[in-house]
Every structure is written in C-alpha cells, then in structure tokens.
Amino acid sequence: MTCRCRGGTAMAHPRVAALGIDLGTTYSCVAVVLNGKVEVVANDFGARTTPSVVGFIDGEEAELVGDAAASQAHRNPENVVWDAKRMVGRPFSRLQPDDVARWPFSVAAADKDKILIRVTHNDISKSFSPEEISAKVVKKMKDVSEAFLGYPVNQAVITVPAYFNSAQRAATRKAGALAGLTVHRTVPEPSAAALAYAMQQMSNTTRRVLVYDLGGGTFDVTVANVRGCLVTVRAVGGDSHLGGQDFDNRIFDHIAKEIERKTGRQVAGNPRKARRLLTMCERLKQDLSAVTRAELDVLPLIGEELPIAMTRAKFEDLTRDLLNRTRDAVADVLQSINMDVDAIDEVVLVGGSTRMPAVHRLLADFFPGTNINKSLNPDEAVAYGAAALAARLAGDRTQYLAGVLVNDVTPISFGLGEEDGGFSVLIPRNTPIPFSCSRLYLTVYDHQDVLSLKVYQGERTVASRNAFIGEYRVEDLPRREAGLEVEVRLSIDSDGVLTVEARHPVTRVWGGCTVQTVDCTAFGEQVPAGTPEVKADDEVTDRHELARLGARFRLSKYLHDLAERRDTDDLPIAVVNEIKATQTWMDAGQYSKKDYVTKFAALRRLLPGSGRRAAAIANKKFIK
C-alpha cells in the first residue's frame with residue numbers, strides 16, 4: 001500500500017504509525033515518525049501548530065476547530081471555546097475566578113461540581129465537558145495527520161504539563177479516547193522535549209539538562225539526565241496555571257485602562273471587542289520580542305485613531321512578577337534534589353513564550369556560564385519527542401528509534417489522609433516511576449469494622465488541602481479494639497496511574513481500585529493539587545490547622561468511647577445529656593482548637609480518667 005504526502009511524493013506504508021500530540025492551552029502540534037524520521041504535520045491551513053479553539057458557528061453543520069474557529073472568536077465570542085486545558089480534571093469550585101471572568105463563553109457547575117461549557121449552535125443549546133472540548137482538538141490533530149499520511153491512525157502519546165495531577169492526566173487520556181485514539185501514555189511535556197533534545201544531540205556522555213518550558217497556559221521545569229536517546233528525569237516542578245496567556249492578559253489590562261483613560265470607553269466589558277483586543281495583545285507581545293517598541297492600531301475597537309504604544313521595558317515591568325514565579329519554580333526543583341546551579345550542563349528552552357528576551361536574561365543570570373540552548377523549535381519540540389516515544393511504544397523497532405526511552409518521576413506526592421486531618425506521604429514527589437510501597441494502617445476505634453483509605457496528592461501537611469484522589473474501603477474487619485493493623489499498598493505505573501490496595505487482616509486477600517478515568521465511581525471528586533512548593537505561610541497555617549483538627553479528633557474519639565460505654569454502663573443522666581449536647585454542637589459547625597479543648601476538658605471533669613485512652617489513641621501514629 002502506498003500513500004501520498006505533501007508535494008505528491010509516494011511513500012510506502014510504514015509498519016507502525018502512532019501520533020505524538022502536544023495538546024496545548026493555546027496551540028496544539030502533532031508529529032509522526034515516517035520513513036525513518038519525525039515529521040511535524042501541517043494542518044489544512046499549512047500551519048505547523050493549530051489553535052486549541054473550538055467554535056460553534058451558526059450556519060455550520062459541525063463545529064469548527066483550529067484556525068477556522070479562532071478567526072471567529074471576536075465575531076461570536078460566546079460560542080467559541082478556548083482554554084479547555086485549564087479546566088480539564090478540575091471541579092467547578094476550583095476554577096480560577098480571574099479565568100471565569102475573562103471567558104466570554106458560559107461555564108457553569110453541573111452535578112457533583114463538574115464543569116459544563118454551554119454554547120448555542122444553530123439555535124440549539126449545547127453543553128460540553130472540558131474533556132469533550134479537548135477531544136475535538138485531539139480529533140483535529142488526528143484528522144490532519146490522517147490526511148497527511150493517507151491512512152487511519154488510532155494510536156498516540158499525548159503530552160501533559162509535568163505538574164498535572166492524576167485527575168488532570170486522566171481527563172487528558174479520556175479526551176484522547178473520545179477522539180478515537182488508544183493513548184499509550186501521557187508523557188510530561190518537558191520530558192518529551194528532553195527526548196527531542198537527546199535525539200538532536202545523540203551524545204554518548206551523560207549530560208544534566210534543565211528544561212524550561214513556558215507554554216501558552218502552563219509552566220514546567222524538569223531536570224533530567226540525558227544519554228543517547230535515554231532520558232532519566234530527576235525532578236519536576238512548575239505551575240499549571242502560568243503561561244504566555246498571563247503575559248498577554250497583563251498587556252490587555254494595561255491597554256484597556258489606557259483606552260478608558262483617554263476616551264472613556266470600556267473595551268473589557270464588550271466580549272467581542274475584548275477578544276479582538278486580546279488577540280492584538282498577543283501579537284504585540286510577539287513584536288516586543290523582536291523590537292523594543294511597538295504600537296497598537298485600536299481604530300477597529302473604538303472607531304477613532306488613538307496612538308497606543310508599549311515599550312519592551314514597560315512590558316517587562318508589567319510582567320516581572322510572572323517571570324519571578326518561573327525563577328522560583330526552577331530554584332525549588334533544584335533544591336528538591338539538592339542540586340547546585342553549576343551542576344546543570346545545559347538549559348533547554350521550550351514553549352513559544354521562551355522567545356521573550358527577558359526569559360533569556362533571567363536564565364543567564366540564574367545559570368551564569370551555562371549554555372542556554374535555543375536550537376530546538378520551541379513550538380514543535382514537545383510533539384517531536386512525543387512522536388518518537390509513541391512510535392516506540394506502538395511497536396516500531398527500527399534502528400532510528402533504538403534506545404528511545406523516558407524514565408519519569410511522579411511530580412506530586414501521594415499519601416493517605418489520617419483520622420486527625422494529617423497527611424502521611426507514601427510516595428514522595430520526584431520518586432522514579434513505576435513504584436510501589438506498603439505500609440501498615442491502624443484502626444482508631446474499638447469494634448471498627450470498616451477502614452476508609454482516603455488517598456490525596458499534594459505537598460501540604462493537612463490532608464484536605466491536597467488533591468483528593470479517592471477512597472477505598474476495607475470492609476468486614478473483625479470487631480476488635482483499636483489498633484488493628486491493615487497492610488496498605490500504593491502503586492504508580494509509568495503513566496502516573498495510581499492503584500490503592502489493602503490486604504484484609506483475616507482473609508489475607510488483596511483488594512483495591514485503580515484510578516483510570518476521572519469518572520471512576522470508586523473514587524470521589526478531584527480537586528487540583530496545591531502550589532509546587534509549600535511556602536512559609538502555608539507551613540504556619542497548616543500547623544495551626546493540624547492542631548485544631550487534632551483537638552477536634554480527640555473530642556470526637558472521646559465521644560465515641562463514651563457512646564460505646566452506654567451499652568454496658570449506667571452513665572449519670574447529666575453525662576448522657578452532655579454527650580448529646582456536645583455531639584450536636586460538633587455536628588453544627590467547625591470551631592477553634594480552644595473550643596474543642598474546652599469541651600473535652602468539661603466532659604473529662606464529669607468522668608475523671610475516662611479520656612485517657614481516647615487521648616492515647618489520638619496521639620498514636622495511624623500509619624507505620
């Protein structure tokens with residue numbers, strides 16, 4: 001079988017075809033290994049990147065995706081959807097308010113705090129999940145690739161930000177499945193770029209590389225050892241809510257205020273004009289990477305000539321804090337593995353936003369004397385590496401792909417929530433994956449016949465301030481005194497998929513659940529992970545909250561023990577009434593540590609000595 005590529009040249013059908021898809025916040029890119037080399041596929045407009053935009057335009061039978069949709073964004077902003085990547089895997093309540101305020105399309109909460117994107121298409125109201133919108137972009141990448149190749153492709157590797165949590169990765173895999181693809185792996189974007197770098201260098205010596213990836217909507221930093229085509233990730237970090245769009249928004253806010261100051265007109269309040277201005281601000285940012293001063297023509301916005309100019313210095317002043325956030329993330333990653341700055345052999349730039357001169361200066365100052373590698377195409381490097389890995393995972397064993405391998409780490413810690421509100425880390429961040437570990441978990445209540453294992457992902461010491469992954473219940477436990485040991489095992493595969501298991505203390509049989517999709521009914525609603533680093537103020541607030549939750553747990557444990565006694569002991573009526581009143585009080589709300597301690601002391605005075613065992617159990621470790 002033969003197929004035809006661009007230019008009409010006939011090609012033999014390859015043995016294996018799989019796509020490498022860089023599913024971006026603002027732009028997406030797709031590549032494939034063909035005839036012994038990686039080919040970045042151009043779309044139907046001839047562009048090698050495609051806007052991650054989906055439009056529902058009246059008069060069109062189907063939705064528009066990519067350039068055609070982006071061209072309609074300022075004409076029909078309420079029905080042109082972008083930024084889906086900032087929504088996937090998140091509940092509605094955890095969306096950034098600034099994002100919601102800027103989106104001209106409707107985003108609403110559905111059942112169980114899920115996100116619904118609402119549009120009107122040909123007079124019909126339609127609702128989509130972020131995963132369904134992302135799937136349409138992935139399907140576009142699949143379609144342009146099949147047009148390029150001349151035959152169907154149903155296998156892929158899709159890239160994700162390095163700091164995406166499990167829910168966000170699962171949502172991305174779901175988008176790929178909805179687009180008709182078997183997703184072999186969701187590889188972190190900087191890891192894929194590191195592979196592209198490795199294939200370019202093909203060095204037999206090991207080099208320590210830091211990938212600085214500033215894309216349209218996310219920022220990632222990865223430290224990896226590179227030798228030949230083997231990439232071994234050492235540490236990752238970043239910010240899943242920081243990218244080129246945030247730089248565009250700073251220009252937008254400044255220009256909008258200038259227009260209002262000079263003319264009295266409010267552009268930001270008009271969705272069509274706001275979307276047009278945002279596009280103009282993106283172009284202005286790009287211009288300021290090449291020149292030190294650029295102007296905007298705002299005539300189409302306000303109907304009159306108005307000179308609006310910006311210098312590169314002004315732009316850098318408006319965005320200095322954003323760049324500093326990337327610098328802090330780089331420092332955090334190096335610190336997490338106790339690596340000095342001078343240990344890095346090369347810094348590799350990835351992502352269109354790294355074209356800004358301020359990025360180059362920041363990195364040159366941070367890594368004095370270290371080569372800042374700008375040789376990779378920042379828009380295509382991620383898709384390039386993903387395509388090589390996709391072909392390898394799909395079974396291509398040609399010499400060109402020999403040795404292609406990416407060994408990753410888990411970007412965020414996994415662990416179990418404890419009864420007193422604490423978080424016990426079982427798989428620390430930057431642990432090489434795949435990985436598995438077992439611990440013993442203790443019951444805390446007498447006659448406890450069910451053990452709830454709540455799994456979280458994050459770096460905070462308070463469990464509820466991390467991403468809740470889900471819950472697995474060990475049932476039919478023998479009704480014994482508190483302290484029964486249950487063996488718990490957490491395993492994470494090379495794709496970042498987590499499995500939680502527990503061995504029943506009587507039957508010795510393992511049972512558990514694997515997080516495979518966001519909709520896994522055995523698991524609860526996901527929330528996004530915390531920031532990449534635990535700041536000093538976070539540590540202080542966590543310490544105070546743990547003290548409060550600990551006091552609450554001791555009181556709750558004491559009430560439980562007293563309730564157990566009521567079946568066998570004749571408690572004074574005053575104690576019974578106080579127990580009921582205290583339980584009602586606890587159920588009514590959340591209180592301070594002092595309030596819980598005061599209630600606990602009052603009950604103990606009624607029954608001296610009865611709180612010693614409750615306090616002893618409360619002070620024991622739940623995981624050992």
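**Close-up views of a predicted model**

**View 1. The chain as a whole.** Of its 624 residues, 56% count as buried (under 20% relative accessible area with a 1.4 Å probe, protein chains only). This is a predicted model, in which local features need pLDDT of at least 70, side-chain atom pairs count only at pLDDT 80 or more, and totals for chains, interfaces and linings use all residues. Residues are numbered from 1 along each chain as its sequence is written, and side-chain values use heavy atoms, with hydrogens and water left out. The chain holds 16 helices and 32 strands (DSSP runs of H or I with at least four residues, and of E with at least two, numbered from the N terminus).

**View 2. An open sheet of six strands.** Here the order is β21-β20-β15-β16-β17-β22, with mixed pairing (two strands pair if DSSP finds at least two bridges between them). β21 (371-373) and β22 (405-407) stand at the edges with a single partner strand each, so one side of each lacks a neighbour in the sheet. From one strand to the next, the twist averages 30 degrees (axes are lines fitted to C-alpha atoms, for helices over the stretch in contact; angles run from 0 to 180 degrees between N-to-C directions).

**View 3. The pairing of β15 and β20.** β15 (residues 207-214) and β20 (residues 346-350) run parallel, joined by five bridges. Look for Y212, whose bridge partner in β20 is L349.

**View 4. A helix on the sheet.** Helix α10 (residues 320-336) packs on the sheet and touches β15, β16 (219-227) and β17 (230-239) (contact means heavy atoms within 4.5 Å). The direction of α10 makes about 40 degrees with that of β16.

Key:
Buried < 20%, exposed > 50% of the residue type's maximum accessible area, 1.4 Å probe, protein only.
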